[in-house]
Amino acid sequence: MTQIYMQTFGCQMNVADSNGLAHQAWSMGCTFVADPSLADIVILNTCAIREKAETRVYGRLGQLKVFKEARPDSKLLVCGCLAEKDREIMRSKAPWVDALLGPRDYRQFKQLLDRWGVATDSPPAGAIFTMPSAEDDPGQDLHQAYAHLRALVNITRGCEKFCTYCIVPYTRGPLESIDPEEIESQIRREVKAGAKEIMLLGQNVNSYLHGSGLDFAGLLRRIKSIEGVDRLTFLTSHPKDFDRCVVDALAELPNAAPRMHLPMQSGSNAVLEKMARLYTIEEYLEKVAYFRERLAGWALTTDIIVGYPTETEADFEKTLDVVSAGTFEQAFIFAYSPRAGTPAATMTPQVPQAEKIRRLQAVNAAQNEATRRFHESFIGDTVRVLTQGPSKKDAARMAGKTGHNVTVIYPRDERTEHRPFVDVAIDQAYNWGLSGIVA
Ligand code: SF4
């Protein structure tokens, strides 16, 4: 029986892709190991979004060379965005890699396994697929027993927005909407394997448009009838395509997790234009206002880039104003870092690094205020959390997530350890989340 070791770098799209590849291998009779020295096939699913992610992949490839030398008959496959972007570079830098599959090539995965002589034995009747773990992902094993509670389901692949800072359209190709039957059957399969929360994934889920005319709002309505999904959520949205129809569809869902991620990126129209984001800040805030009106009590999260090429102090102040107004419950804020091959990398003037860091700290401080206020609003409430596993900082406690996606820490005991959902009475709020006792 062929043994596979798989390691995933990067975003949730990659995690979902790894899950899909692992499921294909499992359905051919492969098993998974957490130690690459035991594997017949080693798969790295790579990320090219930031330079740091690339450096980690090349470092890992250096380590894996040793395993290849010890077992020359084993195979090393590199998948993901870096495999697409660095095809030629990787062939010369890491010639011990046996095959490269970019995100657009995954349909060739089974053929590749065939070529490598993987015997096709079906898994035993009644066996349930679970995502493999890798020993070098710290904390992964501890949480493996709970990983099946959340499932990632791709609904689109690729993106054709070409934001000027982003490499994704070059590595993942144009937008493709996955057949709704395929999405439904994957959700049913995940629910059967124990999933309680389903996250629909795409670079821009709002662009979903199947050949039958089904759009994202229609897809949400279609899958709401699937039984056993306790929480339905999605990632990520593009403000240009996010519209009232989606908000109205969400308002009809009985099981929608009350959270929405809508990347703003900047509060300045001049910067949004440089980013080619295709909306103005006024349009963005108008959509947020409708979202707040129809979906009261939901959490809004966002992504922000500060120090974008050409960003002036006045541009930056506009971003700071939107954040300081308490627009978001949580924000993921980054200082701009150039990606070779994207238009923004060669725009001038670039903002000096020290200034980027100053802006980053100022926006983070403003957001921390808003996030803390949001968390404090839960003190005295009882919230339902979906178990993540033992707390990484204190194994005597458990960690879980509310429907708003807030981390909650609570005592670990026989009862809490084995339940997918736990009700927790909140008595403390922090910037990072909440803590309490079992209700
Ligand atoms: S919408 Fe923009 S940022 Fe998002 S994947 Fe597409 S190009 Fe990249």
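Two strands pair if DSSP finds at least two bridges between them. With that term in hand, the tour of this predicted model can begin.

**Domains.** Colour the protein chain by its three parts: domain 1 (3-115), domain 2 (139-257) and domain 3 (382-438). The C-alpha centres of domain 1 and domain 3 are 34 Å apart.

**The five-stranded sheet.** Select strands S1 to S5. They form an open sheet with the order S2-S1-S3-S4-S5, and the pairing is parallel. Strand S2 (31-32) and S5 stand at the edges with a single partner strand each, so one side of each has no neighbour in the sheet. Now display Leu-44, which stands opposite Val-78 in S4. Next add helix H1, which packs on this sheet and touches strand S1 (3-8), S2, S3 and S4; the direction of H1 makes about 170° with that of S1. Helix H2 also packs on the sheet, where it touches S3 and S4, and its direction makes about 175° with that of S3.

**Strand S4 and its partners.** Select residues 75-80, which make up strand S4. Is this strand mostly covered or mostly uncovered? It is mostly covered, as six of its six residues are buried. On one pairing, strand S3 (residues 41-46) joins S4 in the parallel sense over six bridges. One position to display is Ile-41, whose bridge partner in S4 is Lys-75. To travel from S3 to S4, the chain passes through helix H2 (residues 51-70), and this β-α-β crossover is right-handed. Another pairing links S4 to strand S5 (residues 99-101): the two run parallel and are joined by three bridges. Here Val-78 stands opposite Leu-100 in S5.

**The three-stranded sheet.** Move on to strands S6, S9 and S10. They form an open sheet in the order S6-S9-S10, with parallel pairing. Strand S6 (150-154) and strand S10 (231-235) are at the edges and have a single partner strand each, so one side of each is left without a neighbour in the sheet. On average, neighbouring strands of this sheet are turned by 25° against each other, direction ignored. Select strand S9 (residues 197-201) together with S10: they pair in the parallel sense over five bridges. Within this pair, Glu-197 stands opposite Arg-231 in S10. Helix H1 (residues 12-27) packs on this sheet, touching S6, S9 and S10, and its direction makes about 90° with that of S6. Helix H8 (residues 180-192) lies across S6 and S9 and runs at about 165° to S6.

**The nonpolar cores.** Which residues touch the most other members of the largest nonpolar core? Among its 42 residues, they are Val-153, Ile-155, Ile-198, Leu-200, Leu-201, Val-408 and Val-424. Domain 2 (139-257) and domain 3 (382-438) each supply at least three residues to this core. Apart from this core lies another, of 36 residues, including Ile-4, Met-6, Ile-49 and Cys-81. Then centre the view on Leu-201: leaving aside residues up to four places away in sequence, Leu-201 touches Gln-12, Met-13, Ala-16, Leu-152, Val-153, Asn-154, Ile-155 and Leu-235.

**A last stop at Ser-324.** Select helix H13 (residues 313-324), in which Ser-324 lies. Ser-324 counts as partly exposed because it has 16 C-beta neighbours inside 10 Å, whereas a buried residue would need 20 or more and an exposed one 12 or fewer. Finally, display Ala-366 as well: Ser-324 and Ala-366 are 42 residues apart in sequence, and 5.3 Å apart in space, C-alpha to C-alpha.

Notes:
Residues are numbered from 1 along each chain as its sequence is written. This is a predicted model: local features need pLDDT of at least 70, side-chain atom pairs count only at pLDDT 80 or more; totals for chains, interfaces and linings use all residues. A nonpolar core is a set of buried Ala, Val, Leu, Ile, Met, Phe, Trp, Tyr and Cys residues joined through C-beta atoms within 7 Å. Domain bounds come from an automatic or database domain assignment. Two residues are in contact if their C-beta atoms, placed from the backbone, lie within 7 Å. Helices (H or I, at least four residues) and strands (E, at least two) are DSSP runs, numbered from the N terminus. A crossover is right-handed if, with the strands pointing away from the viewer, the path from the first strand over the helix to the second runs clockwise. Axes are lines fitted to C-alpha atoms, for helices over the stretch in contact, and angles run from 0 to 180 degrees between N-to-C directions.
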